[in-house]
Amino acid sequence: MTTDYDRIGGGAAVGTVVEEFYRRLTADDEVSHYFKDVSLPVLKRHQALMITSILGGPDRYDGRALDEAHAPLNISHADYDRVGSHLMACLVDAGVPRDIRDRVGTALGQARASIVTLQS
Ligand code: HEM
């Protein structure tokens, strides 16, 4: 079966998207402060593994649960929306087809409750 992961070009494509995603997050004054004391190589690796599994590629995610990783960060809905928009824009710019982007968007929506802890 051809997965979304295969269709977009596998690990190389995911790696390109993840690099660009964190380039944009660390350049965005609204959210860059979240990432300044974080090991970006570790985060990129975990994010790539998570996106790989969302796309139907090998499920090798070995990071923390999303609620555990994000709870100390006090993330608002606005921050969540901003980060989600960056990811979706990276997928558009990488040429990822719409049907696949829609499935990623659904997965992101399901993650919102695990990530947002600041109700304002
Ligand atoms: C849109 C959905 C999101 C997904 C799927 C996601 C995914 C992840 C993953 C897989 C990790 C790695 C966990 C680990 O290394 O154990 C992580 C960590 C992190 N995320 Fe997210 N994230 C999302 C939204 C956000 C938002 C909105 C922010 C900030 C505004 C954020 C900031 C961070 C930070 C700073 C870390 C590193 C935490 C640490 O190492 O202590 N994430 N995220």
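Good morning. Helices here are DSSP runs of at least four residues, numbered from the N terminus. By that convention, L25 belongs to helix α2, which spans residues 10–27. Please bear in mind throughout that this is a predicted model.

Let me stay with L25 for a moment. Its relative accessibility is 1%, so L25 counts as buried, the cut-off for that term being under 20%. Which residues does L25 contact, once its neighbours within four places in sequence are left aside? They are V31, S32, F35, V83 and H86. As for distance across the chain, the C-alpha atoms of L25 and G56 are separated by 25 Å, and these two residues are 31 places apart in sequence.

The contact with H86 takes us to another helix. H86 is part of helix α5. With a relative accessible area of 17%, H86 is buried as well. Setting aside residues up to four places away in sequence, H86 touches F21, R24, L25 and D28. The pairing of L25 and H86 therefore joins two residues that are both buried, at 1% for L25 and 17% for H86.

Helix α5 covers residues 77–93, and Y80 is also found there. Is Y80 buried or exposed? Its relative accessibility is 12%, and Y80 therefore counts as buried. Beyond its neighbours within four places in sequence, Y80 is in contact with I75, L108, G109, R112, I115 and V116. Between the C-alpha atoms of Y80 and R24 there is a separation of 14 Å, with their positions 56 residues apart along the chain.

I now turn to the ligand. The ligand sits in the largest pocket. There are 20 residues around the ligand, and those that come nearest are L43, H46, R64, H70 and I115. I115, you will recall, is also among the contacts of Y80.

Three of these residues deserve individual mention for their polar atoms. For H46, a polar side-chain atom lies 2.5 Å from an oxygen atom of the ligand. In the case of R64, the atom concerned is a backbone N or O, placed 2.8 Å from a ligand oxygen. For H70, an N or O atom of the side chain is 2.8 Å from a nitrogen atom of the ligand.

Which helices supply at least two residues each to the shell around the ligand? They are α3, residues 40–54; α4, residues 66–70; α5; and α6, residues 98–115. The largest share, four residues, comes from α3. By character, the shell divides into 14 nonpolar, four polar and two charged residues.

Finally, two positions in loops. A65 is placed in the loop between α3 and α4. Its relative accessible area is 40%, so A65 is partly exposed. The C-alpha atoms of A65 and I75 lie 16 Å apart, and 10 residues separate them along the chain.

N74 is located in the loop between α4 and β1, the latter being residues 75–76. N74 is partly exposed, at a relative accessible area of 45%. What is the sign of phi at N74? It is positive, about 50°, although N74 is not a glycine. Most residues other than glycine have a negative phi.

Thank you for your attention.

Key. Residues are numbered from 1 along each chain as its sequence is written. This is a predicted model: local features need pLDDT of at least 70, side-chain atom pairs count only at pLDDT 80 or more; totals for chains, interfaces and linings use all residues. Side-chain values use heavy atoms; hydrogens and water are left out. Buried means under 20% relative accessible area, exposed over 50%, partly exposed in between (1.4 Å probe, protein chains only). Contact means heavy atoms within 4.5 Å. A residue is near a molecule or strand if one of its heavy atoms lies within 4 Å of it. A polar contact is a pair of N or O atoms within 3.5 Å; within protein, one must be able to donate a hydrogen and the other to accept it, and residues adjacent in sequence count only if both atoms are side-chain atoms. On a 1 Å grid over the protein atoms alone, a cavity is a set of points where a 1.4 Å probe fits but cannot get out, and a pocket is an open set with protein on both sides within 12 Å along at least five of seven lines; lining residues have an atom within 4 Å of a point. A molecule sits in a cavity or pocket if more than half of its atoms lie within 2 Å of its grid points. Ala, Val, Leu, Ile, Met, Phe, Trp, Tyr, Cys and Pro count as nonpolar, Asp, Glu, Lys and Arg as charged, and the others, Gly among them, as polar.
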